[in-house]
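Dear colleague,

I am passing the structure below on to you, together with my notes on what turned up in it. Please read them with the model open beside you.

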Amino acid sequence: MTAQNTASPEYHADLKQVARTLLDHIGPFVILSHENPDGDALGSVLGLTRALRSLGRDVTAPMTVPRYLKFLPEPGELSEPMPAVPEGALVVVLDVDNNDPVRVAGLDLTGYTGPVVNVDHHGTNARRATALLVDPSRPATALMITDLLDELGVTWTEAMATPLMLGLNTDTGSFRFDSVTPGTFTVAGRLRAHGARLGWLNDQLGQNPPTYYHLLREVLGTMQFLHAGRVVLARVDQAMLDRAGAAWEDVESYVGLMRSAEGTQLAVMVKDYGDRVKLSMRSRAGFSAQNVAVALGGGGHVPAAGASVAAPFPEVMERLNDAITAELARVDTERSAGA
């Protein structure tokens with residue numbers, strides 16, 4: 001039984017509309033995702049790009065891939081950022097709210113009014129597009145792209161299945177998160193049957209350069225346990241990167257490591273750029289990282305969210321602490337009511 005067979009009628013109807021929109025378009029495609037792409041963003045883009053190219057379509061996928069994911073794309077498969085939408089192109093935005101063009105990377109969509117297809121699993125999506133497939137209950141956009149490839153009628157290959165497995169694997173925390181459903185394993189099984197190289201992916205993802213460990217030493221020195229240990233926070237700035245010989249992209253995985261601290265309900269990784277701050281958050285035990293992120297102008301999912309704030313770190317820290325305090329109060333109130 002496929003995931004789409006167990007989906008709601010609305011999901012299946014939207015899936016068919018997206019597939020039909022893609023199949024009916026005879027011009028070029030531009031496939032985009034969000035800035036600082038993760039495994040789900042890259043996997044979804046590669047899976048759909050390879051599928052459409054197998055159907056003979058002209059596809060451009062501009063993306064700057066972080067170091068830890070560069071093992072997956074083929075040379076020349078992805079392009080540099082584009083200055084404008086090509087004439088007659090259909091824009092496809094994956095794994096990012098189409099209502100948030102600032103977060104879309106590879107092409108500036110601010111003010112763009114042409115046709116857009118949007119496939120996303122963020123609950124904050126405003127659901128505005130020419131054709132739209134949005135389902136926050138899906139743990140990864142790659143799962144939805146898997147359904148879409150079936151609907152497109154492509155001949156599956158390992159080259160399509162492996163990047164989609166990457167997206168599914170990374171956005172579920174290697175199938176450890178509560179977002180995993182029986183249908184998640186069904187889709188994983190389908191991808192494995194199509195040749196997805198799960199073991200190879202995990203081996204590649206588990207390799208870190210020496211700079212990762214040099215920077216980790218710096219990060220551990222900034223860790224704070226706040227709110228009686230329920231929140232753990234660490235910070236990185238440019239001086240720390242310089243000392244470690246690292247880059248900003250090397251910071252991405254530390255928030256998951258911090259989330260493993262015993263008794264912690266929220267882990268916060270702070271990228272301090274001086275005049276602005278980027279926050280990456282992971283939560284557990286009923287705490288919503290999404291609520292905290294939204295309070296700071298960001299978004300995401302309940303267990304994983306983020307925000308970018310145009311203010312210096314001390315000011316952001318005050319606002320962050322207020323949002324965390326409010327969310328802890330909500331968690332405690334609901335827990336007391338259920339006791």
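Is helix α4 largely enclosed by the rest of the structure or largely open, and why? Please keep in mind throughout that this is a predicted model. Eleven of the 14 residues of α4 are buried, so the helix is largely enclosed by the rest of the structure. The buried residues include M160, A161, T162 and P163, as well as N169 and D171, and the buried residues of α4 pack against α2 (39-54), α3, α5 (182-193) and α6 (198-205). Helix α4 itself covers residues 158-171 and reaches 20 Å from its first C-alpha to its last, which is close to the 20 Å expected at 1.5 Å a residue.

What follows this helix deserves a careful look. α4 is followed by G173, which has a positive phi near 60 degrees. Most residues other than glycine have a negative phi, yet S174, although not a glycine, has a positive phi of about 55 degrees, and F175, also not a glycine, has a positive phi of about 65 degrees. S174 is found in the loop between α4 and α5, and F175 lies in the loop between α4 and α5 as well. With a relative accessibility of 36%, S174 counts as partly exposed.

Turning to the nonpolar cores, the largest has 51 residues, and L22, L42, L48, V92, L148, L149 and L191 are those with the most contacts inside it. Helix α3 (residues 141-152) gives the most to this core, contributing seven residues. If you would like one residue to start from, L48 touches L22, I31, V92, L94, I145, L148, L149 and L152, when residues up to four places away in sequence are not counted. Apart from this core lies another, of 26 residues, among them L226, V268, V309 and L320.

There is also an open sheet of six strands, with mixed pairing, in the order β7-β8-β9-β10-β12-β11. Its edge strands, each pairing on one side only, are β7 (224-226) and β11 (299-300). Within the sheet, β9 (residues 266-272) and β10 (residues 277-283) pair in the antiparallel sense over seven bridges, and D272 stands opposite V277 in β10. Helix α11 (residues 313-338) packs on the sheet, where it touches β7, β8 (231-237), β9, β10 and β12 (304-309), and its direction makes about 25 degrees with that of β10.

With best regards

Definitions and conventions
Residues numbered from 1 in each chain as written. Predicted model: local features only at pLDDT ≥ 70, side-chain atom pairs only at ≥ 80, totals over all residues. Heavy atoms only, no water. Core = buried A, V, L, I, M, F, W, Y, C linked by side-chain atoms within 4.5 Å. Buried < 20%, exposed > 50% of the residue type's maximum accessible area, 1.4 Å probe, protein only. Helix = DSSP H or I, 4+ residues; strand = E, 2+ residues; numbered from the N terminus. Contact = heavy atoms within 4.5 Å. Pairing = 2+ DSSP bridges. Axes fitted to C-alpha atoms, helices over the stretch in contact; angles between N-to-C directions. Expected span 1.5 Å × (residues − 1).
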